[in-house]
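Let's take a friendly walk through a protein and see which side chains meet. Have the structure open as you read, and look for each residue as it comes up.

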Amino acid sequence: VNVFVFAAVVAKFQSPQKDLVWSTRGVITKRDDVPTLLIRVGNLRCHTLYNPTIRCTLLSRHVTKEGEGFMKKEVVEVMQPATISGVHTIACAVNRKSPLFPILKTSRFVKCPVLGEGNGTLDLGDHANDVMNKENHTRDTAMDDPGGSSDGDSEDSNAFQWLLHVTFTALDPIYGAELCSHTTYADDSLVGPARFKDVIGVDENGRPVIDWHAFDEHVDGCEHDAEESDDETDGDEDDVGVAPKVTKDFKASTVVSSV
C-alpha cells in the first residue's frame, strides 16, 4: 500500500502542468492590407516547447439542398512554428478563399472605430461596399418602419452562425510528455479592426521581458505609428529557442530571457 501511495504521489508531481493561456478575444486586423484574425496563446512557464501543432476548425451552420441541417467543419490553415516559449500569435488570413471570410459580413469588422467610415477600413473590395450598402439599407428601412418587419426577422435567422475551435499540442521536454489545450471563439468574442498590445519589452538591464498584463489587451483602430510597428514583436520572434527564465516575482507577470 505504501509503495502504491508513493508511486501515485510521484506520478502526480511528475505530470506536466500545461500552464497554457489563451486570449479571451480574437482580434481582426490588417497585415499588409490583408484582413487577418489574430489569436494569442501563452506558455506561463516560459520554457521551450517543441513540435507544436496548432489546429483551427471553423464550425458553421449549413443546410443542404435537401433541407438537412448540420454543423459543417472546415479547416483553417495556419502556420506551424518550430518551437514556442513565451507568447505566440496565431494569424489566420481572412481572404476570399478562407472559410473565415463570411465573418466579415458585419460592418463592425470593416469600419475603423478610430478613423471612422471611409478611413483605414479593411480593404475587402466590392465585398466591403456590399456590406455597408446592405447595412445602410437595413438602417433606413428600420427608420421608416419602427415596428419592424418580417424581413428583418428572416435576415437574422439566415445570419452566418459559426464557432472557431482552436487546439494546441506540443512536446514538453522537461516531463517528456505532450501538452494539450483548446479554446473556442464566437462572433461576440471578436473585436476589430484593432491590434494586440505589444508584450515584448526591455528591462533596466537591457534584457527582453514579457509583460503578461498586456497579453489579453488590444488597441482599437486600423493604423498605428511606424515606430510602434518597428518595435512591435510578432508572436514568433520570442520563440527562438532561447529558454526564458521566470523572475522571482511571478505574479508581476514578467519573464526574462536568459541570454
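R207 and D203 form a salt bridge in this predicted model, and their closest N and O atoms are 3.5 Å apart. You can find D203 in the loop between β12 and β13. The two partners sit in different classes of exposure: D203 has a relative accessibility of 17%, so it counts as buried because the cut-off for buried is under 20%. R207, at 32%, counts as partly exposed. There is also a second link between these residues, since the backbone nitrogen of R207 lies 2.8 Å from a polar atom of the D203 side chain.

How many salt bridges does a search of the whole structure find? The count is five. Three of them are set out here, including the one you have just met.

| Salt bridge | N to O distance |
|---|---|
| R207 and D203 | 3.5 Å |
| E217 and K197 | 3.1 Å |
| D172 and R45 | 2.9 Å |

Take E217 and K197 next, whose closest N and O atoms are 3.1 Å apart. E217 lies in the loop between β13 (208–211) and β14 (218–220), and K197 in the loop between β11 (194–196) and β12 (200–202), so their salt bridge ties together parts that are 20 residues apart in sequence. Are these residues buried or partly exposed? E217 is partly exposed, with a relative accessible area of 34%, and K197 also counts as partly exposed, at 34%.

Now for D172 and R45, whose side chains meet in a salt bridge with an N to O distance of 2.9 Å. This pair links distant parts of the chain, 127 residues apart: D172 belongs to strand β8 (residues 162–172), while R45 is in the loop between β3 (34–43) and β4 (49–63). D172 is buried, with a relative accessible area of 0%. R45 counts as partly exposed, at 21%.

Let's turn from charged side chains to nonpolar ones. The largest nonpolar core has 29 residues. Which residues have the most contacts inside this core? They are L37, C56, I90, L100, L164 and V166. Strands β1 (20–22), β3, β4, β7 (87–93), β8 and β9 (177–185) each supply at least two residues of the core. The largest share, five residues, comes from β8.

C56 is a good residue to zoom in on. You will find C56 in strand β4, where it counts as buried at 2% relative accessibility. Leaving aside neighbours within four places in sequence, C56 is in contact with E74, V75, V76, V78, I90, C92, L164, H165 and V166. C56 and T184 are 128 residues apart in sequence, and their C-alpha atoms are 9.5 Å apart in space.

L100 can be explored in the same way. Again leaving aside neighbours within four places in sequence, L100 is in contact with L37, L58, V76, C92, V94 and L164.

A second, separate core has seven residues, including V87, V199, A214 and F215. F215 is buried, with a relative accessible area of 5%. What is the partner of F215 in an aromatic pair? The partner is W212, and the pair is tilted, with 5.6 Å from centre to centre and 45° between the planes. W212 counts as buried, at 9% relative accessibility. The count of aromatic pairs comes to one.

Definitions and conventions: Residues numbered from 1 in each chain as written. Predicted model: local features only at pLDDT ≥ 70, side-chain atom pairs only at ≥ 80, totals over all residues. Heavy atoms only, no water. Salt bridge = Lys/Arg side-chain N within 4 Å of Asp/Glu carboxyl O. Helix = DSSP H or I, 4+ residues; strand = E, 2+ residues; numbered from the N terminus. Buried < 20%, exposed > 50% of the residue type's maximum accessible area, 1.4 Å probe, protein only. Polar contact = N/O pair within 3.5 Å; in protein donor to acceptor, adjacent residues only side chain to side chain. Phe/Tyr/Trp six-rings, centres within 6.5 Å; stacked < 30°, edge-to-face > 60°. Contact = heavy atoms within 4.5 Å. Core = buried A, V, L, I, M, F, W, Y, C linked by side-chain atoms within 4.5 Å.
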